[in-house]
Amino acid sequence: MGVRIAAGQPRQVTVQFPEAATNVQVTIASARNGTVSTPVPATNVGGGVWGHTLAYADVQDPDKLTLTFTGEVGGDPYQVRSDVDVAGSHYFTLEEARSIGGISSSTSDAEIESARFSVEDQIEANCDTSFVSRLVVEELSPNLDEPFVRLTEAYVLRVVSVEDRGVDITDEVVVDGRYLWREPRRWSPGLRSVRVVYEAGWSESPPEDLRRAAINATRYRLLEEARVGTPSNVVTIGTDVGTVRMAVASLRAPFGVPEVDAVVMRWAQKVGAGL
């Protein structure tokens, strides 16, 4: 799992090196801008952990960043990469998780962030779209004389840049749903001849019911991880008064929490996109 942060909220990104590592530097590659920064010294956090605090300029917009840490171990080169997803926002903040979700103060921020990451991914897998702005980079292969190319994501918030065989043609393109039109000119045919960078998502921020569902799903996921006693794969429990059927995750119940699954599946039906 990589790192996910909200746009406009810089933070430190850390990686693990052998404790003997020295001379560690870091570069930042931005998918949005297509740039790679010059190397700068990384911070030795201790215990073989090295880090770099991203600047506001690095995370001011949705992006896909690759931080490459390069150092030496015993005189030999050593490299570690960390992928950072800069989203338009999170589905909820840590403060909301604690105040609305009632997550205990004994649960660390890192534990909440990890559970939130997986919950967001599960929601988006079921709905086949995100509910915050995410950067998408695609290399497309137009057919001969085709006036349009079709993007993978159904809900395009804004196009950042378009290149046809390395030439910037962003101003020539018209967006129509998930299609990019270039008229009266045509796209250059060829394998991955067109590179499109765009922001996609059904909305800039999640609807209120989905936000609360994400908070509840995160709370239940944390409780599940801490639970002792009944195994998580139990479907039914026999008692003195009968059989109790447990709510478990399934294709149409991705979280196994009825009040969460109902919201997620309702949105999955609402945002389902055709061609």
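Which residue does Arg4 meet in a salt bridge of 2.9 Å, N to O? The views below get there step by step, starting with how far to trust the model.

**View 1. A predicted model and its confidence.** What you are looking at is a predicted model. Its protein chain averages a pLDDT of 89, and 88% of the residues score at least 70. Among the elements of the chain, strand S5 (residues 40-41) comes out highest, with a mean pLDDT of 98, while strand S18 (residues 242-245) comes out lowest, at 46. Two stretches call for some care. Over residues 227-237 the pLDDT stays under 50, and the model has 17 contacts beyond four places in sequence for them. Residues 242-247 also stay under 50, and here the model has 16 such contacts.

**View 2. Arg4 and its acidic partners.** Here is the reply to the opening question: the side chain of Arg4 meets that of Asp121 in a salt bridge, at 2.9 Å from N to O. Arg4 lies in strand S1 and Asp121 in helix H3 (residues 109-127), so this pair ties together parts of the chain that are 117 residues apart in sequence. With a relative accessible area of 12%, Arg4 is buried, whereas Asp121 counts as partly exposed at 32%. Arg4 also has a salt bridge with the side chain of Asp85, this one at 3.0 Å from N to O. That pair again links distant parts of the chain: Asp85 sits in strand S9 (residues 76-87) and Arg4 in strand S1 (residues 3-6), 81 residues apart.

**View 3. Asp85, Lys64 and the wider network.** Stay with Asp85 and bring in Lys64: the two form a salt bridge, their closest N and O atoms being 3.3 Å apart. Lys64 belongs to strand S8 (residues 63-73) and Asp85 to strand S9, with their positions 21 residues apart in the chain. Lys64 counts as partly exposed, at 33% relative accessibility, but Asp85 counts as buried, at 8%. Step back a little and you can trace one network of salt bridges that share partners, joining Arg4, Lys64, Asp85, Glu120, Asp121, Glu124 and Arg134. For the whole structure, a search finds 20 salt bridges.

**View 4. Glu199 and its surroundings.** Is Glu199 buried or exposed? It is buried, with a relative accessible area of just 3%. You will find Glu199 in strand S16 (residues 194-200). Its side chain makes a polar contact of 2.7 Å with the side chain of Ser133, and another polar contact, of 2.9 Å, joins it to the side chain of Arg32. Setting aside neighbours within four places in sequence, the residues in contact with Glu199 also include Pro62, Arg134, Leu135, Tyr155, Val156, Leu157, Arg158 and Val160.

**View 5. A sheet of three strands.** Now for some backbone: three strands form an open sheet in the order S2-S7-S6, with antiparallel pairing. At the edges are strand S2 (12-16) and strand S6 (43-46), each pairing on one side only. From one strand to the next, the twist averages 35°. Strands of a sheet pair through backbone hydrogen bonds, either parallel or antiparallel. Look at S2 alongside strand S7 (residues 49-53): they pair in the antiparallel sense over five bridges. To find your place there, look for Thr14, which stands opposite Gly51 in S7.

Technical notes
Residues are numbered from 1 along each chain as its sequence is written. This is a predicted model: local features need pLDDT of at least 70, side-chain atom pairs count only at pLDDT 80 or more; totals for chains, interfaces and linings use all residues. Side-chain values use heavy atoms; hydrogens and water are left out. Two strands pair if DSSP finds at least two bridges between them. Helices (H or I, at least four residues) and strands (E, at least two) are DSSP runs, numbered from the N terminus. Axes are lines fitted to C-alpha atoms, for helices over the stretch in contact, and angles run from 0 to 180 degrees between N-to-C directions. Buried means under 20% relative accessible area, exposed over 50%, partly exposed in between (1.4 Å probe, protein chains only). A polar contact is a pair of N or O atoms within 3.5 Å; within protein, one must be able to donate a hydrogen and the other to accept it, and residues adjacent in sequence count only if both atoms are side-chain atoms. Contact means heavy atoms within 4.5 Å. pLDDT is the predictor's confidence in each residue, from 0 to 100. A salt bridge is a side-chain nitrogen of Lys or Arg within 4 Å of a carboxyl oxygen of Asp or Glu.
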